[in-house]
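Please open the model in your viewer and keep the selection tool at hand. The stops below are meant to be taken in order.

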Amino acid sequence: MNILNLLLPLIVALFVTAKEITTEISVENSFEICPDECDPNGCPVPNNECLAGLVKDHCDCCFGCAQREGERCYEEKFKDQLPDDYPRYSKCGDDLECRIRTDLESTDKPEAICYCTMNEPICGSDGVTYENQCQFTEARYKNRNKLFEVDNQPCKSRPQIISPPEDTTNNTGSSVSFSCEATGWPLPTIEWRLERDGGVEIPILLMDEAHYEILTNQSTDYANISWLQIMDAQREDSGNYICVAINTEGEDKAGAYLTIGNFQKRFDIIEE
């Protein structure tokens, strides 16, 4: 074995070590070391997709893209709460605040992300409802500021039944329930009707209160969900039950057929 073969592993090890040291110095310089004087002429030009606006870097010199909602961020005040190797991310953008996450598992490394500080819904001129100011700002930048705010509430929309009732078959004397969920703005109200011969729809509220029970709750910011329960169902309760969602912009309907019979007894007779 010649001397070159003996020295080769040592040379490789020294090369790798030198590279790692250089990389660490480079990273440290990019995050920590700032010039004595800021030269704006030497700053890189930010790209056109800065959807949360522009912010200055940690040296308070060059402008760059701000971090968006949900993206990681860094602030000096969190230095003792974050790992030593935590990258110095850019600052948060318009209407955003950098906060330490509180929803992580105990085994996860701490991190900070950008949270929106203005969380009221916004109706845009494109007819889209944005959940908060930050999402609206991103859309506005994408549209080159051609998008504008129409209202500081959800856009008005006709009701839409997103979870209709389903056809049901059950025995006499049983308790039967239907559910129906509808979205829209203003928040739609939900009515239940029973379709009789000739297509006449009779509101359940005008029928026997002891036989029917209706419960309605708000399921999301823009949706209501309603349940219709029929107690001690009999054959004459068979029919088409219609869910009707209504607001000032219109209505939407969906029906489900209920079949009530003595099915269990018939099954027992066949078994015998």
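The tour of this predicted model goes from its nonpolar cores to a helix and then to a cavity.

Begin by selecting Phe178, Trp192, Ile204, Tyr212 and Tyr241, which are the residues with the most contacts inside the largest nonpolar core, a set of 21 residues. If you then colour strands S10 (176–185), S11 (189–195), S14 (223–230), S15 (239–247) and S16 (250–261), you will have marked elements that each supply at least two residues of this core. Centre next on Tyr241, which, leaving aside residues up to four places away in sequence, touches a group including Phe178, Arg193, Leu194, Ile204, Tyr212, Leu228 and Ala254.

Another core, of 15 residues, lies apart from the largest one, and Ala66, Cys73, Tyr86 and Cys134 are among its members.

From Cys134, extend the selection to helix H2 (residues 133–142), in which Gln133, Cys134, Phe136, Thr137, Glu138 and Ala139 are buried. Show strands S3 (96–100), S4 (112–116), S5 (122–124), S6 (129–130) and S7 (149–151) as well, since they are included in what covers those buried residues. At the start of H2, look for the side-chain oxygen of Asn132 that comes to within 3.1 Å of the backbone nitrogen of Cys134, and after the helix find Arg144, whose phi is positive, near 55 degrees.

Finally, select Leu51, Ala52, Glu69, Gly93, Asp94, Leu96, Cys134, Thr137 and Glu138, which line the largest cavity, a space of about 40 Å³. H2 gives the largest share of this lining, 3 residues, and the lining as a whole divides into 4 nonpolar, 2 polar and 3 charged residues.

Technical notes:
Residues are numbered from 1 along each chain as its sequence is written. This is a predicted model: local features need pLDDT of at least 70, side-chain atom pairs count only at pLDDT 80 or more; totals for chains, interfaces and linings use all residues. Side-chain values use heavy atoms; hydrogens and water are left out. A nonpolar core is a set of buried Ala, Val, Leu, Ile, Met, Phe, Trp, Tyr and Cys residues joined through side-chain atoms within 4.5 Å. Buried means under 20% relative accessible area, exposed over 50%, partly exposed in between (1.4 Å probe, protein chains only). Helices (H or I, at least four residues) and strands (E, at least two) are DSSP runs, numbered from the N terminus. Contact means heavy atoms within 4.5 Å. A polar contact is a pair of N or O atoms within 3.5 Å; within protein, one must be able to donate a hydrogen and the other to accept it, and residues adjacent in sequence count only if both atoms are side-chain atoms. On a 1 Å grid over the protein atoms alone, a cavity is a set of points where a 1.4 Å probe fits but cannot get out, and a pocket is an open set with protein on both sides within 12 Å along at least five of seven lines; lining residues have an atom within 4 Å of a point. Grid points are joined across faces, edges and corners, and a volume is the space filled by probe spheres set on the points. Ala, Val, Leu, Ile, Met, Phe, Trp, Tyr, Cys and Pro count as nonpolar, Asp, Glu, Lys and Arg as charged, and the others, Gly among them, as polar.
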